[in-house]
Amino acid sequence: MTEKRPDKAGPSPDHVYEEIRKAKVIPVVILDDPAPAVPLARSLRDGGIPIIEFTFRSSAAAEAILRVRRELPEMLVGAGTVLTVEQAATAVRAGAGFIVSPGLDSKVVKFCLSKKVAVLPGVCTPTEIQKALGLGLSRLKYFPSEAMGGIRTLTAISAPFPGVRFIPTGGVSLKNLKDYLSLECVLACGGTWLADKKSIAESDWDSIRRIARETVRIAGEKNQKTG
């Protein structure tokens with residue numbers, strides 16, 4: 001990755017969580033090449049979604065984060081599938097405003113807290129939620145949501161934790177987005193439907209803008225909740 005850095009420091013965790021709450025959705029993006037990162041982010045922004053998460057499932061993630069942070073400073077840019085402290089450090093250096101993990105790793109969480117970077121570890125059991133609370137977190141990714149039972153399970157698992165807000169990811173789509181957002185425990189939803197690989201490969205930014213606008217419309221049908 002280039003040694004250049006973003007010009008400005010990242011946003012505070014409280015600001016990040018509030019922006020996520022307002023956006024209601026987090027586009028989850030896997031890029032094999034960072035070249036489409038900026039036009040993709042611009043298309044999402046123009047469609048009404050000012051947030052994007054690049055996953056560390058490929059080596060292009062850090063460069064993608066860096067490019068969007070520099071070219072579109074109004075976008076909130078995060079890093080996903082962060083499995084190690086080393087990856088978290090790379091993402092933070094690139095300018096990631098938030099870190100998302102599929103699971104709960106206390107070392108990654110503590111690193112992010114030490115850097116004052118918002119962190120959203122993945123949980124799917126009461127034990128994991130309690131561990132997250134013990135680390136001082138109350139905003140968590142719920143993953144893999146549909147495979148774990150979807151809305152019914154999330155409703156049940158969240159009941160003993162009224163102060164926790166979740167970002168269900170994994171199987172969320174335009175078909176069930178509104179149902180997820182209707183839950184009081186849901187802060188926002190994450191998913192890949194907003195930026196499919198085919199549209200990215202074909203530079204079909206019009207399609208991505210249309211899907212973003214439709215997502216915003218559906219999300220807006222639910223009254224804004226407190227975070």
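Start by selecting Ser43 in this predicted model and showing its surroundings: leaving aside residues up to four places away in sequence, Ser43 touches Trp205, Ile208 and Arg209. Colour by secondary structure and you will find Ser43 in helix H2, residues 37–46. Is Ser43 buried or exposed? With a relative accessibility of 2%, Ser43 counts as buried. Now draw a distance from the Ser43 side chain to the backbone oxygen of Pro39; the value is 2.8 Å.

Next, move along the chain to a pair of strands. Select E7 (residues 139–142) and E8 (residues 165–168). These two strands run parallel and are joined by 4 bridges. Click on Lys141 and look across to E8, where Ile167 stands opposite. While Lys141 is still selected, add Phe143: Lys141 lies over the face of that ring, 4.6 Å from the ring centre.

Stay with E8 and turn the view to see where its side chains go. Arg165 and Ile167 point one way, while Phe166 and Pro168 point the other way. Which of these four are buried? All of them are.

Keep Phe166 on screen and add Tyr142 for the aromatic stop of the tour. A useful reminder here: two aromatic rings are described by how far apart their centres are and by the angle between their planes. The count for this model is 1 aromatic pair. The ring centres of Tyr142 and Phe166 are 6.2 Å apart and the planes are at 80 degrees; an angle over 60 counts as edge-to-face, so that is what this pair is. Because Tyr142 belongs to E7 and Phe166 to E8, the pair ties together parts that are 24 residues apart in sequence. Tyr142 counts as buried at 0% relative accessibility, and Phe166 is buried too, also with a relative accessible area of 0%.

For the last stop, select helix H7, residues 150–158. Which of its residues are buried? They are Gly150, Leu154, Ile157 and Ser158. Look down the helix axis: these residues span an arc of only 90 degrees, which puts them on the same side of H7. The general background is that an α-helix has 3.6 residues a turn, so residues three or four places apart point the same way. Rotate to the face turned away from that buried side and you will meet the exposed residues Arg152 and Ala156. Finally, bring back the neighbours: the cover over the buried residues of H7 includes helix H6 (126–134), helix H8 (177–181) and the strands E7 and E8.

Terms used. Residues are numbered from 1 along each chain as its sequence is written. This is a predicted model: local features need pLDDT of at least 70, side-chain atom pairs count only at pLDDT 80 or more; totals for chains, interfaces and linings use all residues. Side-chain values use heavy atoms; hydrogens and water are left out. Rings of Phe, Tyr and Trp (its six-membered ring) pair if their centres lie within 6.5 Å; planes under 30 degrees apart count as stacked, over 60 as edge-to-face and the rest as tilted. Buried means under 20% relative accessible area, exposed over 50%, partly exposed in between (1.4 Å probe, protein chains only). A charge sits over a ring if NZ of Lys or CZ of Arg is within 6 Å of the ring centre and within 35 degrees of the ring normal. The arc is that of the directions from the helix axis to the C-beta atoms. Contact means heavy atoms within 4.5 Å. A polar contact is a pair of N or O atoms within 3.5 Å; within protein, one must be able to donate a hydrogen and the other to accept it, and residues adjacent in sequence count only if both atoms are side-chain atoms. Two strands pair if DSSP finds at least two bridges between them.
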